[in-house]
Amino acid sequence: MNNGGAVLARPAGPLTFATVTGVLGDIVSLLTPVPSSLVVDLSQVTHTDSAGIALLLELKRQTSALTCELRLQDAPNQLAELARFFEVDAPLQLPPASPR
């Protein structure tokens, strides 16, 4: 339930071309009413491709437009490395990856 405070999203499994549409819809539904912040716990993400990175950038775009803080946490190494490869780790404010 979102009462306008901070909300938490925990996507699980792959963030890939085959899954991002559903994951995005699930997370965007948490943005009504607009929360003060959206925390996305990525610890259960098993694999990410470029579509998964695009999903995170879209979340950044939508939360910025709503003046809602986006915080990504516990990103798996593979996701963090892919974000660094595409040079979007800084805009996504990804913390350093933790070994897994």
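Here are a few notes on the salt bridges in this predicted model.

1. How many salt bridges does the whole structure hold? A search turns up three. As background, side chains of opposite charge can pair when their charged atoms come close.

2. Start with arginine 10 and aspartate 41, whose closest N and O atoms sit 3.5 Å apart. Arginine 10 belongs to the loop between strand 1 (6-9) and strand 2 (13-15), while aspartate 41 is part of strand 3 (residues 37-41), so this salt bridge ties together parts that are 31 residues apart in sequence.

3. Are the two partners of that pair buried or exposed? Arginine 10 is exposed, at 58% relative accessible area. Aspartate 41 has a relative accessible area of 9%, so it counts as buried, the cut-off being under 20%.

4. Next up is helix 2 (residues 50-65), home to both arginine 61 and glutamate 58. These two form a salt bridge, with 2.7 Å between the closest N and O atoms. They are three residues apart, so about one helical turn separates them. Glutamate 58 is partly exposed, with 22% relative accessibility.

5. The remaining pair to look at is glutamate 81 with arginine 84, where the side chains meet in a salt bridge at 2.9 Å, N to O. Both residues lie in helix 3 (residues 77-85), three residues apart, or about one turn of the helix.

6. What about exposure in the helix 3 pair? Glutamate 81 comes out as partly exposed, at 46% relative accessibility, and arginine 84 is partly exposed too, at 32%.

Terms used. Residues numbered from 1 in each chain as written. Predicted model: local features only at pLDDT ≥ 70, side-chain atom pairs only at ≥ 80, totals over all residues. Heavy atoms only, no water. Salt bridge = Lys/Arg side-chain N within 4 Å of Asp/Glu carboxyl O. Helix = DSSP H or I, 4+ residues; strand = E, 2+ residues; numbered from the N terminus. Buried < 20%, exposed > 50% of the residue type's maximum accessible area, 1.4 Å probe, protein only.
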